[in-house]
Amino acid sequence: MTTMTKTKPASPAEVQAPLAVLAELSHRCPLQCPYCSNPVNLERASNEIDTQTWCRVIDEAAAMGVHQIHFSGGEPTVRKDLEELVKHASDTGLYTNLITSAVLLDQKRVEKLADMGLNHVQISFQDSEAANADRIGNFKGGHKKKIEVSGYVRQAGLPLTVNAVMHRQNLHHLEDVIDMSVELDAERLEVAQVQYYGWALKNRAAFMPTYEQLSWATEVVEKARERLKGVLVIDYVVPDYYARRPKVCVGGWGRRFLNVNPAGLVLPCHAAESIPSLKFDSVKDHSLAWIWENSEAFLKFRGTHWMPEPCRSCDRREIDWGGCRCQAFALTGDEFATDPACELSPHHEEIFGLAAAEAEHEPPPFIYRKIR
C-alpha cells in the first residue's frame, strides 16, 4: 500500500463550484446489462431519499452555482416523482438532462416531462441490431421500445443523445449505430467503451475488444465525424486498456462533478463506492456545499498532494489529475497507485497485457446484472 500525506481540508476559496450533479434517483432497473456501472452492492428502494430531500438537494446545488443536473439511476423513470423533480430543478434555473434506458417511457410521459421543463434526453442503446441489443440488456423488446421513445423525444422538441456502449460483441455494428443515430435525429452520439470496474470487471473477458477492432473503430469514427460535420456530434474515447496515458476522470477528483446516490450519499465520482476505505457523507446530515468543501471522500484525492511518484513530478499532473482512482484500486488493490492506464505504471504491461490476451479468446457467457 502506498503511504501518502494526510489529507487537509480545502478552504472554500480554493474550491470551484461543481459544474454538474449526477442525481441517481434509484438503482432499480428493468435491464440486466453485464457492463452495469452501478456499484456491486445496490441501494434498495426502501433506502431511497424522498421527494422533499431531493428538492432540498436541488436547491442547494443551484445555490452553489451548479449549472446542470443529470437525472440517472439505475433507471430514473421508476420514480413516480420524476416530473416533480424535473420541474423543481427547472424552476431553479438548472439545465436538466434525463439519462434513461427508455423502456418504461411512453409518449404521454415524455410530453409531460417536456412540459415540466426537461431540457435534454440521453437514451442508452446496446446495439443497432435488435436481437443482439436485447440479448446484451437481457430485456425482450427493449431495442424496439428505445427506437419508439427516441421518436417521442424528438416529437416533443427535446434534443436527443444516443449513448452506445461498445465492446467486442457489438463493435462490428459501429457504422450501423452511427447511421441509426442520424435516422433518430440525434444531436449527439456517445461511442462509450465499457469502463472495467464494478460489475463490468466481472465481464471484462466478454467485452474487451482486440487492438485491431479498436483501430478499425477509431478509423470509422474519424471518417463519420468528417462526413457528418454539422449533423451529428460524435464523442469517442478509447478504452483505458489500450491507452498510453490515463483519461481525466470526471474532470479531476472532486473538482467539477459530484454524484448523489439513491440513499443520499454524496460521491466524487459514479464508481467511488468501489473504494472501501472511503467514507461518504450524506445529504441527510450535511448540506451539499459542506460536503463539497469538507467531506473526507472529496479531499482525499482532490488536487495533487496525494500523488505518488512518478505522478507527483509528472508534467501532466494538473491535466489528468492522476487518472482514475477506482481503476487503480480495482486493478492493483491500492487506490493511491499510479493508474495502470499510464505507461509509467509498473502494472501497465502486466495488467493490460492480460486483458489484451483475453480479447483474443472466445468470449465467455455474460454474468448478467440481476437486481433483486
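**Exercise 1.** In this predicted model, K223 and E219 both lie in helix 9 (residues 211-227), four residues apart, about one turn of the helix. Determine what the side chains of K223 and E219 meet in, and classify the accessibility of K223 and of E219.

*Solution.*
Step 1. Side chains of opposite charge can pair when their charged atoms come close.
Step 2. The cut-off for a salt bridge is a Lys or Arg side-chain nitrogen within 4 Å of a carboxyl oxygen of Asp or Glu.
Step 3. From N to O, the K223 and E219 side chains are 3.1 Å apart, and they form a salt bridge.
Step 4. Exposed requires over 50% relative accessible area, and partly exposed lies between that and the 20% limit for buried.
Step 5. K223 has a relative accessible area of 55%, so K223 is exposed. E219 has 42%, so E219 is partly exposed.

**Exercise 2.** Find the distance between the closest N and O atoms of E226 and K229, and state whether E226 is buried or exposed. Do likewise for the accessibility of K229.

*Solution.*
Step 1. The closest N and O atoms of E226 and K229 are 3.6 Å apart, and the two residues form a salt bridge.
Step 2. E226 is exposed because its relative accessible area is 55%.
Step 3. K229 counts as exposed too, at 61% relative accessibility.

**Exercise 3.** Examine the contact between K247 and D240, and decide whether D240 is buried or exposed.

*Solution.*
Step 1. The N to O distance between the side chains of K247 and D240 is 2.7 Å, in a salt bridge.
Step 2. Buried means under 20% relative accessible area. D240 has 8%, so D240 is buried.

**Exercise 4.** Which residues are linked with R28 in a network of salt bridges, and how many salt bridges does the count come to?

*Solution.*
Step 1. R28 is linked with E48, R79 and D81 in the network.
Step 2. The count comes to 18 salt bridges.

**Exercise 5.** Describe the peptide bond between G73 and G74 and the one from E309 to P310, then place G74 and P310.

*Solution.*
Step 1. G73 and G74 are joined by a cis peptide bond with omega of about 15°. G74 is in the loop between strand 2 (68-72) and helix 2 (82-92).
Step 2. From E309 to P310 the bond is cis, omega being near 10°. P310 sits in the loop between helix 11 (296-299) and helix 12 (325-332).

**Exercise 6.** Give phi for D185 and for V250, and locate D185 and V250.

*Solution.*
Step 1. D185, a residue other than glycine, has a positive phi near 65°. D185 lies in the loop between helix 6 (174-183) and strand 6 (188-193), and is partly exposed at 41% relative accessible area.
Step 2. V250, also not a glycine, has a positive phi near 45°. V250 lies in the loop between strand 7 (233-237) and strand 8 (257-260), and is partly exposed at 29% relative accessible area.

Notes:
Residues are numbered from 1 along each chain as its sequence is written. This is a predicted model: local features need pLDDT of at least 70, side-chain atom pairs count only at pLDDT 80 or more; totals for chains, interfaces and linings use all residues. Side-chain values use heavy atoms; hydrogens and water are left out. Helices (H or I, at least four residues) and strands (E, at least two) are DSSP runs, numbered from the N terminus. Buried means under 20% relative accessible area, exposed over 50%, partly exposed in between (1.4 Å probe, protein chains only).
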